[in-house]
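Biologist: I would like to learn how to read a structure of this kind, one feature at a time. Could we begin with charged side chains, and then go on to the metal site and the empty spaces?

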Amino acid sequence: MKATGFDKSNHTHALIAGALEVGRFPHAALIEGGTPDERRSLAAKITAALLCQNDEIIPCGECHSCIKALGGFHPDILFYEPKRNPKTASKTANYYVDYIREIRDSSFIIPMEADTKIAVLCEAQLMNEQAQNAFLKILEEPPEFAVFILLSSTKSVFLSTILSRVTVYTLSSDAAETDSDIPYENALAAAQSVARAVVADNHFEIVRAAGVFDKNQELLKASLPLMSEIFVKALKIKYSALNGEAGDEVSELLSRRLSRRTLLKLTDYVNLISDSLSINANPNLTITRLCTLFKNASNEQE
Ligand SMILES: [Zn+2]
């Protein structure tokens, strides 16, 4: 399967296209950064690709599903915008708790045409803590057929409990930074070997596995979101919340050996490392830091 319409010279687009091609786009994703239009148009492509009926190219742009999806009238793709709460005097639009409950209710209604029902929350940074907690309840026990995509100017406004349950994709505003020709398979292999090293008998394994990132910061950038995905999946296995999503060997292994707390910490560590990369911290120090943080987590094996 080939994903089309994605700018594969852009690191994040390439990651998303790669995940769609192998049928592993996450059930909950957060797309942050870029402009609102960029996020929306990326989400439109993802939703069309997820529901496309073509076996070779997604989105094909020609099947019934694509025509509806790309035309904006597929009944199983719901784009939500912030709105004003009619019960309060507030003049600004946002996601308030009752609105999140409305979104929840419609997300639980089975899809009309497709196997999947997708909710896209545009400008999701306008969710206050109370609304986030209401949304968290959906993420904790989502219906099997549901996919949630949050579009946000930044991930920094979200509670760590939300961040640990979503795969974060970052659109960089700096075009020069997003050039990457790292193939998805290479990034995945590196992410898996580092994640596996966390539960190895010898700490040196972490340093050895992370060695592939020396002088290859692009590979590190491409691998971090995939590492995060592995840890999130291990958590989901622990919570029995895979909901039909395929498990994988590394996530299964981690879910057996690490506590929920440690897995949550690991997803935080990945976010920390991504943040320091985005402010162009010294790459060698960043890799050393990753090794140190992962060694700490490794000491907490069950
Ligand atoms: Zn199609």
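Modeller: Let us start with one pair, keeping in mind that this is a predicted model. The side chains of E123 and R40 meet in a salt bridge, with 3.5 Å from N to O. Since E123 lies in the loop between β5 (117–121) and α5 (129–140), and R40 lies in helix α2, the pair ties together parts that are 83 residues apart in sequence.

Biologist: What is the general idea behind such a pair?

Modeller: Side chains of opposite charge can pair when their charged atoms come close. In this structure the count comes to 14 salt bridges.

Biologist: Are E123 and R40 buried or exposed?

Modeller: E123 counts as buried because its relative accessibility is 15%, below the 20% limit. R40, with a relative accessible area of 25%, is partly exposed.

Biologist: Which other pair should I look at, and where do its partners lie?

Modeller: R196 forms a salt bridge with E249, and their closest N and O atoms are 3.4 Å apart. This pair links distant parts of the chain, as R196 is in helix α7 (residues 184–197) and E249 in helix α10 (residues 249–257), 53 residues apart. R196 is partly exposed at 33% relative accessibility, whereas E249 is exposed, with a relative accessible area of 55%.

Biologist: Which residues are joined into one network by salt bridges that share partners?

Modeller: That network consists of R39, R40, E81 and E123, so the pair we began with belongs to it.

Biologist: Which partner does K2 have, and how do the two sit in the chain?

Modeller: K2 forms a salt bridge with E21, the closest N and O atoms being 3.7 Å apart. K2 is in strand β1 (residues 2–3) and E21 in helix α1, 19 residues apart, and the pair links distant parts of the chain. K2 is partly exposed at 48% relative accessibility, while E21, at 19%, counts as buried.

Biologist: Turning to the metal, which residues are the protein donors of the zinc ion?

Modeller: To read a metal site, one looks at the donor atoms, then at the angles between them. Here the donors are the SG atoms of C52, C60, C63 and C66, lying 2.3 Å from the zinc ion. In sequence these donor residues are spaced C-x7-C-x2-C-x2-C. One of them, C66, counts as buried, its relative accessibility being 0%.

Biologist: Why is the arrangement around the zinc ion called tetrahedral?

Modeller: The four donor atoms subtend angles of 105 to 118° around the zinc ion, and therefore the arrangement is tetrahedral.

Biologist: How should I read the largest pocket, and which residues are closest to its centre?

Modeller: It helps to take the volume, then the lining. The largest pocket holds about 620 Å³ of space. It is lined by 31 residues, of which L50, L51, D115, T116 and V147 are the closest to its centre. By class, the lining of this pocket has 15 nonpolar, eight polar and eight charged residues. Among the elements that each supply at least two residues of the lining are α2 (36–51), β6 (146–152) and α9 (217–238).

Biologist: What does a search of the whole structure find by way of cavities of 30 Å³ or more?

Modeller: The search finds one such cavity, and about 40 Å³ of space lies in the largest cavity. Its lining consists of P26, T167, E229, V232, K233, K236 and E245, with the largest share, four residues, coming from α9. By class, the lining of the largest cavity has two nonpolar, one polar and four charged residues.

Conventions
Residues numbered from 1 in each chain as written. Predicted model: local features only at pLDDT ≥ 70, side-chain atom pairs only at ≥ 80, totals over all residues. Heavy atoms only, no water. Donors = N, O, S within 2.8 Å, 3.2 Å for Na, K, Ca; no water. Tetrahedral: all angles 85-135°; square planar, octahedral: opposite > 155°, others 65-115°. Buried < 20%, exposed > 50% of the residue type's maximum accessible area, 1.4 Å probe, protein only. 1 Å grid on protein atoms, 1.4 Å probe; cavity = no way out; pocket = protein on both sides within 12 Å on 5 of 7 lines; lining within 4 Å. Points joined across faces, edges and corners; volume = space filled by probe spheres on them. Nonpolar A, V, L, I, M, F, W, Y, C, P; charged D, E, K, R; others polar. Salt bridge = Lys/Arg side-chain N within 4 Å of Asp/Glu carboxyl O.
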